[in-house]
Amino acid sequence: ISNIRVSECGSGGLSGGIIAGYRALVTDCAAYSNTGRGIGVGSDSTISTCMVNGNTGDGISGTTGCTLTACTSNGNQSAGISVTSSSIINCTASSNGLNGINNSSGGVTTGCAANDNDQNGINASYGTISNCTVRMNTTNGIVVDSGSLVINNTCSSNGLSSGDGAGILATGNDNRIEGNNCLFADRGIDINGIGNIIIKNSCSGNTTNWTIVANNVYGPILDRTAPASAAVNGNSAASSLGSTDPNANFTY
């Protein structure tokens with residue numbers, strides 16, 4: 001399916017705009033203001049460079065093994081993108097009525113933006129979330145259950161409208177939280193499960209920067225909110241990090 005524009009389709013609880021079966025290819029399409037889903041596909045499908053907006057269901061939905069690339073899903077009444085065990089690459093999901101992106105059961109979400117959604121920015125389990133930007137979501141920026149890798153993401157101003165949200169929230173066990181920067185939320189990094197590893201992260205300007213329950217593994221957490229470092233003008237300077245531990249976490 002290519003170069004299709006579909007609007008105001010679906011009624012009485014029908015499926016929505018563009019609906020395809022398994023192993024479908026949907027490219028360069030737009031689906032807006034439909035009753036139900038904007039675009040819905042079966043397993044092992046590919047959706048690329050599509051735009052969905054203002055649908056009453058999910059913007060884009062699929063089952064397992066799908067690949068989504070460079071899609072935009074904004075202003076839908078349910079989730080922006082909702083798939084299982086799939087790859088979501090360089091997509092945007094903003095101002096949706098539920099989560100921006102759902103990718104459960106071992107999916108990969110990378111290079112995405114999830115902003116201003118009414119619930120969480122990105123929600124995942126047993127997967128990888130990397131190099132994403134999540135900001136100003138009503139509850140949390142990134143939420144993972146168990147067994148996930150959350151690496152090199154930027155999370156800013158999440159939870160402030162609800163008064164109860166984190167930049168990154170790990171509700172379960174055995175996650176690796178590494179190299180993320182979490183800013184201006186109620187909680188920066190919030191770890192509720194056990195057996196998680198938390199290294200090389202930084203937090204700044206959150207009401208509480210770190211909330212980690214017992215029985216987790218983490219690098220040292222250094223308070224560098226007042227570094228009192230000397231000015232630099234030239235070719236070299238001594239470190240003001242306060243640690244030589246390569247796995248240190250920083251509050252700044």
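## Exercises on parallel strands

In this predicted model, Arg135 has Ser156 of strand E22 as its bridge partner. Let us work outward from that pair.

**Exercise 1.** Find which strands are joined by three bridges, and the sense in which they run.

*Solution.* Start with strand E19, residues 133-135. Next, take strand E22, residues 154-156. Three bridges link E19 to E22, and the two run parallel. As a general point, strands of a sheet pair through backbone hydrogen bonds, in either a parallel or an antiparallel sense.

**Exercise 2.** Place E19 and E22 in their sheet, then name the edge strands.

*Solution.* First, write down the order of the open sheet: E1-E4-E7-E10-E13-E16-E19-E22-E25-E28-E32-E31. It holds twelve strands with parallel pairing, and E22 follows E19 in that order. Then look at the edges, strand E1 (5-7) and strand E31 (221-223), each of which pairs on one side only. Finally, add the twist, which averages 10° from one strand to the next.

**Exercise 3.** Now turn to strand E26, residues 187-191. Are its residues mostly buried or exposed, and which strands does E26 pair with?

*Solution.* Begin with burial, meaning under 20% relative accessible area: five of the five residues in E26 are buried, so the strand is mostly covered. Next, take strand E23 (residues 166-170), which pairs with E26 in the parallel sense over four bridges. Here Ala166 has Arg187 of E26 as its bridge partner. Last, go to strand E29 (residues 208-212), which is joined to E26 by four bridges and runs parallel to it. There, Ile191 stands opposite Ile212 of E29.

Note on methods:
Residues are numbered from 1 along each chain as its sequence is written. This is a predicted model: local features need pLDDT of at least 70, side-chain atom pairs count only at pLDDT 80 or more; totals for chains, interfaces and linings use all residues. Side-chain values use heavy atoms; hydrogens and water are left out. Buried means under 20% relative accessible area, exposed over 50%, partly exposed in between (1.4 Å probe, protein chains only). Two strands pair if DSSP finds at least two bridges between them. Axes are lines fitted to C-alpha atoms, for helices over the stretch in contact, and angles run from 0 to 180 degrees between N-to-C directions.
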